[in-house]
Amino acid sequence: MILVLLIVVLITGGILAWLIGYFIPNASKWIALLSCLIPFLITANLWQKLSYEIILGESSSLWLIEINTPWIAQLGINFHLGLDGLSLSMLLLTFFLGTMAILCSWKEITAKQNFFYFNLLWVLSGITGVFLALDLFLFYFFWEVMLIPMYFMISIWGSERRIYSSYKFFLFTQASGLLMLLAIIALYFINAQSSGVYTFDYDQLLISTAKSPYSLLIAIGFFIAFTVKLPLFPFHTWLPDAHSEAPTAGSVILAGLMLKTGAYGLLRFVLPLFKDEAIQISNWAIVLGVISILYGALQAFGQTDLKRLVAYTSVSHMGFIVLGVFSFNELAMQGVVLQMITHGISTAALFILAGMLKERLHTRDINQMGGLWTLAPQMGSIGLVFAMASCGLPALGNFIAEFLILLGAFQTQPIYTMVASLGLVLSAIYSIRMMQKVFFGEYQSTINDFKWREKTIMGLLTIAIVFVGLCPQPIITMLQSTVNSSLKLESKQKLKLESSIKQQIKYIKK
Amino acid sequence: MISNLSSDYVFLLAAILFALGAMGVVIRRNILFMLIAVEIMLNSAGLAFIAAGAKWAQADGQIMFLFILSMAAAEVSVGLALIMQIFHQHKTLDVDELEQLRGDRK
Amino acid sequence: MDVFFYIAAAVAIISTVLVITRKHPVHALLYLIVSFLAVAIIFYQLGAPFVAALEIVLYAGAIVVLFIFVVMMLNLGKETSLQEKTWLNLSTWLLPGILASILLIELVYLINTQPNSTITIAEVDPKAVALSLFGPYLIGVELAAMLLMAGVIGAAHIGQRKKKYWHRFLQEDEQ
Amino acid sequence: MENLIWLLPALPLFGFLLLAFLGSKFNREAIAFIGIGSVSLATIVSLYLAINFISSPPENGFISQTLWQWMQVNNFKVTITFHYDALSLVFVFVITFVGALIHLYSTEFMAHDEYYSRFFAYLNLFVCSMLILVLADNLVLLYLGWEGVGLCSYLLIGFWYKNIKNGIAAQKAFIITRIGDTSLAIGMFLLFKEFGTLTISEISQQAVSHSSSSITLIALLLFGGAVGKSAQLPLQTWLPDAMAGPSPVSALIHAATMVTAGVYLLARMHTIFELSPAAMHVVAAVGAATLLIAATSALAQKDIKRVLAYSTISQLGYMFLALGVGAWWAAIFHFMIHAFFKALLFLGAGTIIEAQHHEHNMFNMGGLKDKLPTVFKTFVIGSAALAALPLISAGFYSKDAIIWYSLTAQNGSPLLWLVAIIGSFITALYTTRMVVLTFYGTSKTSLSYQPGVRMHIPLIILAFLSVFAGFIELPHNFGHVTLFSGFVGKALPTTLLKIEPSESLFQLIAAIVCLVGILLGWKLYSSNREKVIDLESGGLFKFFFNGWYFDNLYKVLFQQPYFFLARINKNDIVDKSNDVIVGISSWLSNQLATSQTGSMRWYVMGIIAGAIMILTLQLVL
């Protein structure tokens with residue numbers, strides 16, 4: 001029941017923020033903040049409460065908390081939400097970055113404020129839904145819910161070329177979404193043919209051994225849908241435009257969370273459902289992943305627009321994720337999930353920083369910035385921390401993730417990992433150039449340092465990244481069970497699944 | 001009753017009438033004559049339905065004709081009203097004059 | 001019995017050809033009536049007396065009469081036939097003719113390929129038609145009723161001579 | 001005693017945090033106090049640990065302290081543990097002791113700099129990460145220290161960031177060391193694949209029994225990391241440019257501690273290297289080659305700090321030569337002695353530059369002999385140690401041992417010995433050149449500033465060590481004191497001799513070569529300046545001056561293509577391919593639009609054509 005509460009709080013919060021905003025001018029900000037903090041607290045104490053079960057991984061069914069009520073029974077679609085280690089960590093990240101996004105757009109968004117917070121909260125509810133949905137149809141439903149408000153946020157509150165980039169963002173994601181819909185429906189029918197049960201349910205599809213000539217095509221359908229979202233090399237062109245034109249909160253949500261839905265999709269749907277197809281396409285996927293690491297880094301080095309630069313760094317970091325996912329190794333899988341979290345935090349921080357610089361200097365062009373350390377030392381040191389985080393300095397979160405990915409991927413794909421670790425050098429080059437161009441050298445324009453609000457945001461983000469960097473163990477234990485299950489369904493888990501299926505059949509008969 | 005051999009000829013007749021109607025619509029530049037030609041086509045379609053109904057000895061053919069009839073009536077009334085409006089405004093019944101709805105204008 | 005059918009068919013075809021080719025609208029309409037009458041006879045021969053009667057009453061009676069009313073109202077008399085002369089030259093005939101003939105050939109070819117069944121034409125009396133009309137096809141009747149209502153209202157509305165000027169600049173003087 | 005180890009890195013870290021967050025609140029004295037305080041406390045703790053360690057050595061030769069478990073995924077387990085044995089004792093002692101002296105020195109050197117607190121914060125962070133590096137129990141923690149040290153060197157080289165050139169030098173240093181770090185990282189991945197663990201002690205145990213083909217590759221990759229950090233042959237171009245940083249920074253980072261991290265790594269992973277003689281030969285060869293190139297380049301430099309930078313590279317070459325031939329303890333001994341006299345020389349150079357209105361070019365200096373007496377005396381002692389003046393200077397004992405082992409040790413060879421001898425000759429040459437040019441002759445620039453006492457104390461202490469530190473290790477033929485090699489031998493393998501020629505003969509040769517070098521230098525350079533200038537105007541000197549043109553080579557090979565690629569691809573050809581699709585679709589829509597002519601008959605014909613098509617389909621299918 002808590003899971004539904006999470007989504008409902010966000011949706012009602014959105015509507016309230018929109019309506020009340022007309023009567024009380026600044027109320028929508030506070031409502032938005034509140035309706036983002038409550039789910040955060042709920043998930044936090046969920047984490048405490050369930051920590052015992054997570055460690056043991058002995059919970060009754062595969063999911064820690066589960067809610068499964070029929071929605072459209074004739075088609076076998078049921079409102080099935082489930083929480084396990086992976087989605088719990090993703091939810092924590094979602095609500096944490098959601099609050100950061102709201103805090104950082106406190107002063108920045110003045111026009112049509114309440115509609116802005118409505119969109120923001122609905123994007124968050126869409127993302128929460130994506131991380132919880134265990135029914136493929138419901139998953140696709142939330143996939144669309146999270147897309148539309150983000151389109152509005154970019155096209156209304158963006159900067160100059162917002163219309164072009166919001167179209168591009170919408171078209172890319174929508175096209176890949178439809179591809180996924182085709183794949184889901186095909187899977188639905190193939191499963192129905194073999195097991196006779198017409199269902200979209202994730203658990204049942206998991207154990208269905210339906211083999212058909214099309215399963216490779218379906219797997220590729222899912223793969224392309226998720227790799228467009230997680231920008232992999234050929235499909236990444238929407239990301240720089242969407243990021244450089246989105247408002248700060250928009251880019252934080254876009255980079256921090258929406259890229260993770262792609263990676264989450266790979267982990268949750270592509271690997272368990274299409275185990276041997278994944279092996280077939282793993283070679284191609286890894287090649288693309290390595291190319292996007294190096295290509296992203298090269299592009300980041302060439303950019304002069306700060307937000308585009310940070311956007312290309314996310315392309316490079318996401319390349320690590322694909323490398324990790326398709327090397328089928330526990331270490332790499334842990335690294336992938338940690339990378340999703342730490343990249344979310346570090347890119348969100350860099351985007352908020354870019355937003356603050358844009359607020360102060362009214363430009364994103366790094367050639368016009370320079371020597372900002374003399375006037376804003378705190379901003380400089382925070383910029384240094386997160387620039388170093390993005391190039392994988394140890395004692396910060398990203399290093400743990402990238403190290404685990406490369407370590408794990410090296411066991412199965414040594415050559416590709418060697419080429420990928422070239423990315424470490426290239427990432428150093430672009431982050432150093434960013435630091436040099438923005439904070440060092442002679443200063444041309446005067447700016448003032450952090451105000452207390454900005455200090456809190458940046459302080460929280462730094463604490464988060466250093467915490468994950470120095471003791472990532474609590475997060476790793478949280479993900480242990482999911483990583484194992486997404487890799488191979490040990491017999492123990494299979495038994496549990498049968499038991500949960502029997503319960504369901506009873507349910508349907510009732 | 002005519003023998004079944006010639007029942008196929010009825011279809012033949014309907015086809016000929018239909019083709020003539022189609023040619024009529026395309027040839028004439030006066031909307032009135034186009035409307036008349038459309039009536040011919042409708043009538044030939046009705047003929048075909050009746051022939052089929054007769055052939056299978058079921059009432060469906062005739063019912064279908066009734067529907068065609070009602071539709072033709074409604075269509076003619078509206079068509080003629082339109083023709084009057086067109087004549088009233090454009091002072092001509094030439095079809096090629098009425099081409100505001102062109103698509104290729106940039 | 002077939003000879004009547006052939007005569008009626010020939011009459012129908014000739015009158016339809018003449019409808020299309022006549023310059024003067026009233027002549028065309030008269031030939032149209034002849035064509036509808038010929039078709040009515042064929043209906044009768046096909047054992048559908050009710051429909052034949054309807055054909056004469058509605059098609060020949062109502063629709064063509066409407067046409068004649070309109071022709072009279074717009075007094076499309078002399079000058080339309082002169083105009084038609086200019087419009088009806090060979091070039092306009094050629095392409096449509098080819099198209100219509102292709103259509104005809106295909107239809108004919110299709111009809112011949114069907115295996116013609118051996119059962120004879122049976123007469124379907126109006127009682128059977130009425131029974132099925134108000135049986136399964138009841139909805140059809142209601143729809144037809146609605147269609148006719150729409151036709152009436154549409155014609156009434158469009159036919160009005162409006163005072164309002166349709167176009168901001170082109171002042172239309174009331175005729 | 002174990003639970004004191006964590007204090008070593010913790011104190012400088014605490015100092016860093018204090019200065020970083022509250023730096024702007026303190027006045028100058030407080031900042032200086034915190035800066036020196038944290039490092040000297042660490043020195044006291046390291047001395048206490050050293051004394052306990054030496055007096056009552058623990059049974060298996062090391063003490064370790066685990067703080068917390070860093071990460072544990074299935075079988076891959078990494079904990080934050082500090083491993084304190086004889087080898088790390090030496091390194092810890094050098095880092096903290098020399099670090100404290102340099103902190104004291106820089107309180108006065110940076111006295112009038114506006115970013116006083118930022119400087120000490122970075123220095124403390126550097127000392128902390130260096131200590132983590134040398135105390136790390138597993139390679140991941142070592143990598144943490146490794147990268148932390150790289151970051152601090154970037155920040156400190158680019159400390160005066162207002163001048164773009166410092167920024168560029170700092171970027172160059174960070175990127176080139178980062179290349180080395182990547183090769184170290186790949187080495188670690190391969191190591192984990194072979195041994196399944198990254199804890200150094202476990203690797204050493206398994207290494208002995210583990211015979212696999214990839215040991216050489218692992219050794220070479222680890223050596224790649226060392227090459228990056230210690231500026232050896234392929235990646236040495238960053239160190240001369242790193243002189244853009246303040247002199248105390250050069251003294252601490254680019255002379256004493258950071259650049260020797262590579263030496264520590266190889267010494268710590270000696271079991272891997274012993275298993276693959278091929279790798280040892282590569283190390284020795286690279287060491288020898290770097291030694292020669294750096295020495296010749298130092299000979300042609302005009303800026304005093306660049307001379308010292310190249311000399312550091314060549315002395316590091318000596319250390320890697322020693323490691324390559326298997327003389328483990330000699331390399332560590334030379335590291336310690338080198339740390340003392342090179343720090344002394346850098347601090348001296350800093351004072352000289354400070355006193356000469358920031359004049360770097362040696363040819364504009366001169367006649368400082370009587371103006372800065374203590375600086376002159378300590379500088380001469382340091383140079384003597386660098387030139388390995390026989391019998392009295394400590395440099396002689398450490399370098400002589402290396403030259404001796406380069407011939408006789410396991411992988412030694414006459415060629416290596418010859419290169420070492422030529423190297424020591426050129427070292428003697430450029431050292432005397434440096435001393436003569438700066439201190440003798442007529443003074444060109446006026447003296448702007450007399451260094452205070454806080455600058456003199458470190459110089460004097462370091463000079464004292466440069467002389468007497470050598471006596472704890474005397475060669476066999478006279479004195480035969482093996483205090484140092486005995487102590488360090490516990491953590492490192494003993495050096496086996498291949499051949500036993502008479503040691504005193506070779507010592508004599510080395511001493512003669514050194515003396516000849518000094519006298520030749522004296523004669524050549526003490527004549528008037530013009531002769532020296534035209535002597536050095538030859539093409540060969542220009543070639544040496546540019547460091548054998550490695551810099552330009554890398555610029556052409558890597559830097560320019562990368563810049564060009566980034567510039568032309570700025571707006572992403574993949575993005576352009578999307579515009580192609582957009583273009584095609586809009587052209588297509590225009591073509592179709594022309595079919596809507598507006599004429600009714602055209603549309604009716606379309607309908608009829610459609611009907612015909614359907615019918616033909618009916619016919620065909």
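**Chain D and its neighbours in a predicted complex**

Chain D comes out with an average pLDDT of 87, and 100% of its residues score at least 70. This is a predicted model, and the scores for the model are ipTM 0.79 and pTM 0.84. Within chain D, the confidence has its low point in helix H23 (residues 529-535), where the mean is 75. At the other end of the scale sits helix H5 (residues 139-157) of chain D, where confidence is highest, at 93.

As for its make-up, chain D holds 27 helices and two strands. Its C-alpha trace spans about 115 × 60 × 55 Å along the principal axes. Chain D has 621 residues, and 53% of them count as buried. Looking at contacts in chain D between residues at least 6 apart in sequence, 81% turn out to join residues at least 24 apart.

One stretch of chain D carries a label from a database record. An unreviewed UniProt entry places the feature "domain: NADH-Ubiquinone oxidoreductase (complex I) chain 5 N-terminal" at residues 70-120 of chain D. In the model, that span is 57% helix and 27% strand, and the C-alpha atoms at its two ends are 28 Å apart.

Over in chain A, helix H17 takes up residues 414-439, which makes 26 residues. From its first C-alpha to its last, H17 of chain A reaches 38 Å, close to the 38 Å expected at 1.5 Å a residue. How much of H17(A) is buried? The count is 19 of the 26 residues, so H17(A) is largely enclosed by the rest of the structure. After H17(A) comes A:Gly441, with a positive phi near 85°.

Chain C brings in a domain assignment, with domain 1 covering residues 1-102 and domain 2 covering residues 126-159. Between the C-alpha centres of domain 1 and domain 2 of chain C there is a distance of 25 Å.

Then there is the matter of which chains touch. Four pairs of chains are in contact, and of these, chains B and C share the most contacts. Chain A, on the other hand, has no contact with chain B, and the closest C-alpha atoms of chains A and B lie 22 Å apart. Chains A and C are not joined by any contact either; here the closest C-alpha atoms are 29 Å apart.

Notes: Residues are numbered from 1 along each chain as its sequence is written. Chains are lettered from A and ligands numbered from 1 in the order in which they are written. This is a predicted model: local features need pLDDT of at least 70, side-chain atom pairs count only at pLDDT 80 or more; totals for chains, interfaces and linings use all residues. Domain bounds come from an automatic or database domain assignment. UniProt positions are given in the numbering used here, feature names are shortened, and annotations may be inferred rather than shown by experiment. Helices (H or I, at least four residues) and strands (E, at least two) are DSSP runs, numbered from the N terminus. A residue is buried if 20 or more other C-beta atoms lie within 10 Å of its own, exposed if 12 or fewer, and partly exposed in between; C-beta atoms are placed from the backbone. Two residues are in contact if their C-beta atoms, placed from the backbone, lie within 7 Å. The expected span of a helix is 1.5 Å times one less than its number of residues. pLDDT is the predictor's confidence in each residue, from 0 to 100.
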